[in-house]
Amino acid sequence: MALSFSAKLMRGVSRCAALVTPKTAPTSCRYFSSAENSRVLVNLNDKTGVATMQLNRPPVNSLNLEVLTDMTIALDKLQTEKDCRGMILTSSSPGIFCAGLDIMEMYNPQEDRLREFWRTLQELWKMMYGSRLATIAAINGHSPAGGCLLSLTCDYRIMAQGKFTIGLNETLLGIVAPFWFQDTMVNTVGHRETERALQLGLLYSGENALKVGLIDELVSPEKVMETAEGQMQMWLKIPDFARQLTKEQLRGPTVQKLAQHQEADIDHFVNFITKKAIQKSLEMYLNMLKQKKK
Ligand SMILES: CCCCC/C=C\C/C=C\C=C\CC(=O)SCCNC(=O)CCNC(=O)[C@H](O)C(C)(C)COP(=O)(O)OP(=O)(O)OC[C@H]1O[C@@H](n2cnc3c(N)ncnc32)[C@H](O)[C@@H]1OP(=O)(O)O
């Protein structure tokens, strides 16, 4: 019998539930996952109640099924820690926050895995967007497509100055951002800017992202984390209950919309991605990425 998503989550939690506290760690800092080969590095500072989640899948932190699953498990675990109040999402590879979804999950896919991949992304998005935690994205590098989406699920975005770009560029790959990607963008930058950005597949510079409100702050790369930590202190000055209910009122309807159409969205995605023309577009985009190096 197929396991429900929450059953799979519980199975995953029990597999990686042990908290690892390395001898060298400060006593206030608990490591949920610190092994260098973990795809997601998570630690919780018991003194501040703030967790840091680092994407750790070099070279570009592309999101495959395993990374999405690990993130979901880690976030679920943090949210059940009653003393955890905030989370900073960042990357262990300065220069790349996240290259978005792993295109290899969508190119020549096996249908079962493709379905599970999309469902896991949906679940992560719902958890992140509706999280009881105050969440801040410390965007320390490029953040296209799914990378931009992840940052948009946070309550506040701080990006590193430099040549990095951010945006929902799906149309450049010949694919279409689904309605819940679009909703997240509309809720952040408004309808008109979303129309322009998504149709053109705009990748914004940090300066332009700041102008349209896609990010909240643009700081030098070495200041990204300390700015995130400082900003988090402000968010945590607000009583949790009041902040969480306000967030729920503002974001709940958007989360509900996906929850109500989740199965149809998976069918839609699978039908769309497996079309010959879409596979051809993905192939061309992958070749273009490889050619770039030569
Ligand atoms: C109406 C119906 C609607 C229904 C819905 C239907 C469909 C919606 C479907 C999907 C939505 C998808 C959202 C996505 O996230 S798609 C992914 C988009 N991502 C990108 O466009 C980013 C591509 N990458 C880059 O631009 C650069 O890699 C980057 C700027 C991030 C970093 O550049 P850098 O020069 O440092 O590194 P590279 O040499 O380019 O890359 C190294 C290595 O990694 C490979 N790679 C990069 N990105 C990806 C990726 N997203 N997935 C898989 N692999 C990736 C790259 O090819 C290199 O590989 P190799 O040559 O070393 O083998």
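Residues 10-27 stay under a pLDDT of 50, and the model gives this stretch 17 contacts beyond four places in sequence. This is a predicted model. Residues 1-7 also fall below 50 in pLDDT, with three contacts beyond near neighbours in sequence.

Confidence over the whole chain comes next. The protein chain averages a pLDDT of 91, and 87% of the residues score at least 70. For the complex, the predictor reports an ipTM of 0.98 and a pTM of 0.93. The extremes among the elements are tabulated here.

| Element | Residues | Mean pLDDT |
|---|---|---|
| Helix H1 | 5-16 | 44, the lowest |
| Strand E8 | 156-160 | 99, the highest |

The fold holds 11 helices and 11 strands. Of its 294 residues, 41% count as buried. Among contacts between residues at least 6 apart in sequence, 72% join residues at least 24 apart.

The largest nonpolar core has 73 residues. Ile 136, Ala 138, Ile 139, Ile 158, Met 159, Ile 166 and Leu 168 have the most contacts inside it. Take Ile 139. Leaving aside residues up to four places away in sequence, Ile 139 touches Ile 158, Met 159 and Ile 166, as well as Phe 97, Ser 151, Arg 157, Ala 160 and Ile 215.

Now the ligand. Its surroundings comprise 28 residues, of which Ala 99, Gly 100, Leu 101, Ala 145 and Gly 146 come nearest. Strand E7 (141-144), helix H10 (262-273) and helix H11 (276-291) each give two or more residues to this shell. H10 gives the most, with four residues. By class, the shell divides into 17 nonpolar, six polar and five charged residues.

Note on methods: Residues numbered from 1 in each chain as written. Predicted model: local features only at pLDDT ≥ 70, side-chain atom pairs only at ≥ 80, totals over all residues. Core = buried A, V, L, I, M, F, W, Y, C linked by C-beta atoms within 7 Å. Buried ≥ 20, exposed ≤ 12 C-beta atoms within 10 Å, placed from the backbone. Contact = placed C-beta atoms within 7 Å. Near = placed C-beta within 6 Å. Nonpolar A, V, L, I, M, F, W, Y, C, P; charged D, E, K, R; others polar. pLDDT = per-residue confidence, 0-100.
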